[in-house]
Amino acid sequence: MAREHDILKLPAPKEPPYRTSRRIGIHTSSAGGVENSAERAWRLGCSTFQIFSSSPRQWKPTVITPAQCAAMQRLRAKYDLKPLVIHSNYLINMAAVTPQFYAASIRSFRGEVERGLALRADYLVLRPGSFRGASRADGLARTAMAIEQATEGLDLQGGGLTILIENSAGAEYSLGGSFDQVAALVEVLKTHIPVQACIDTCHTHVSGHDIVSEEGYEATLKELDTAVGLKNVPVWHCNDAKAACGSRLDRHQHIGKGTIGLEPFRRLLNDPRVAHAAFIAETPIDEPGDDTRNVEALKSLVEQSAPAQRKQRSRNQDGG
Ligand SMILES: [Zn+2]
């Protein structure tokens, strides 16, 4: 018999999962209704989480009802889950050269923003598009035009929704393969929308930055700070990598089990310069419980203050 994959179908935890001084979470399934993701995230031990608000590989959008939005808000307040991050559809390419594809991307992204506002999400992650068939400058201009069209008449500022441009694995024609390119996108888009950046550790590593050695980590953070500003990175995607540094291969691995390893995550999670950020895993689920284990792997790296450790210990003893 297959073991259960869905934490919602297992008994609820008797004790609330412990918290760390950093907001840590994981991309969580919305199966059975988007509001279920909040319950799942809490049971997985998260204090923040990421979802798809619609199927990530289909143009046809999911309809979310006001009752679902209300349930989501209730659960997020009950479990203190913040920020809520939405990852936008993988099909979207705001720099697309084909008119049909460009139009479909704009329509789809408008849906992402509308659902983000309805769900009171804090962040909407957008992967930079590909400018294949045009120049980089043209790709940037098309993206800005597309964003302007897609968000026309929508009040992102008022709704507290910020778009996050994610750094890419560095594939050819990608608009976000370096921190400078992410910064250029943020710069171009900020006249239209509230926009910041989301940095993915796997993408950073495979696009050629050394985050594994201590000096490399320092140099990478310095480069990011100069280009984008660390304060403009409210979300980090914490993924280990299956491929080597510089390989440009975007294959996520379990925390500590890949070519990055545990230490860089420990450094990042305890770095006071990024203490304001949320840290969200997008790791694979190869075995039931991999999601719980990856959240736990990240949480276990956060160095706790002495009182928090004492509280944790006494609770563990109470719980037997
Ligand atoms: Zn990512």
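Let's start with one strand pair. Strand S3, residues 84–87, pairs with strand S4, residues 123–126. The sense is parallel, and the pairing runs over 3 bridges. Within that pair, Ile86 stands opposite Leu124 in S4. One caution before I go on: this is a predicted model.

Now step back to the barrel. How many strands close into it? There are 8, with parallel pairing. The order is S1-S2-S3-S4-S5-S6-S7-S10. So S3 and S4, our opening pair, follow one another in that order. From one strand to the next, the twist averages 30°.

Next, the helices. Take helix H3, residues 99–118, and helix H4. Their axes are 9 Å apart. They pack at an angle of about 50°. That makes H3 oblique to H4, because an angle between 35 and 65 degrees is neither roughly parallel nor roughly perpendicular. The crossing of H3 past H4 is right-handed. Which residues make the contact? From H3, we have Tyr102, Ser105, Ile106, Phe109, Arg110 and Val113. From H4, we have Ala146, Gln149 and Ala150. By class, the contact of H3 with H4 has 6 nonpolar residues, 2 polar and 1 charged.

H4 has another partner. H4 covers residues 136–150, and helix H6 covers residues 179–189. The axes of H4 and H6 come within 10 Å. They cross at roughly 45°. H4 and H6 are therefore oblique to each other. Here too the crossing is right-handed. On the H4 side, the contact uses Leu140, Thr143, Ala144 and Ile147. On the H6 side, it uses Ala184, Leu185, Val188 and Leu189. The class count for H4 with H6 is 7 nonpolar, 1 polar and no charged residues.

H6 also meets the strands. Where does H6 lie? It lies across strand S5, 162–166, and strand S6, 195–200. Against S6, H6 runs at about 160°.

Now a quick check on helix H2, residues 66–79. H2 has 14 residues. At 1.5 Å a residue, H2 should span 20 Å. The C-alpha atoms at its ends are 20 Å apart, which agrees.

Last, some backbone details. Most residues other than glycine have a negative phi, and most peptide bonds are trans. Keep that in mind for the next three spots.

First spot: Asp80, just after H2. Asp80 takes a positive phi of about 50°.

Second spot: the peptide bond from Lys82 to Pro83. Is that bond cis or trans? It is cis, with omega near -5°. Pro83 sits in the loop between H2 and S3.

Third spot: Arg120, in the loop between H3 and S4. Its phi is near 55°, a positive value in a residue other than glycine.

To close, go back to the opening pair. The loop before S3 holds Pro83. The loop before S4 holds Arg120. And S3 and S4 themselves pair in the parallel sense.

Methods
Residues numbered from 1 in each chain as written. Predicted model: local features only at pLDDT ≥ 70, side-chain atom pairs only at ≥ 80, totals over all residues. Axes fitted to C-alpha atoms, helices over the stretch in contact; angles between N-to-C directions. Helix = DSSP H or I, 4+ residues; strand = E, 2+ residues; numbered from the N terminus. Parallel < 35°, antiparallel > 145°, perpendicular 65-115°, else oblique. Left-handed = near helix turned anticlockwise from the far one by under 90°. Contact = placed C-beta atoms within 7 Å. Nonpolar A, V, L, I, M, F, W, Y, C, P; charged D, E, K, R; others polar. Pairing = 2+ DSSP bridges. Expected span 1.5 Å × (residues − 1).
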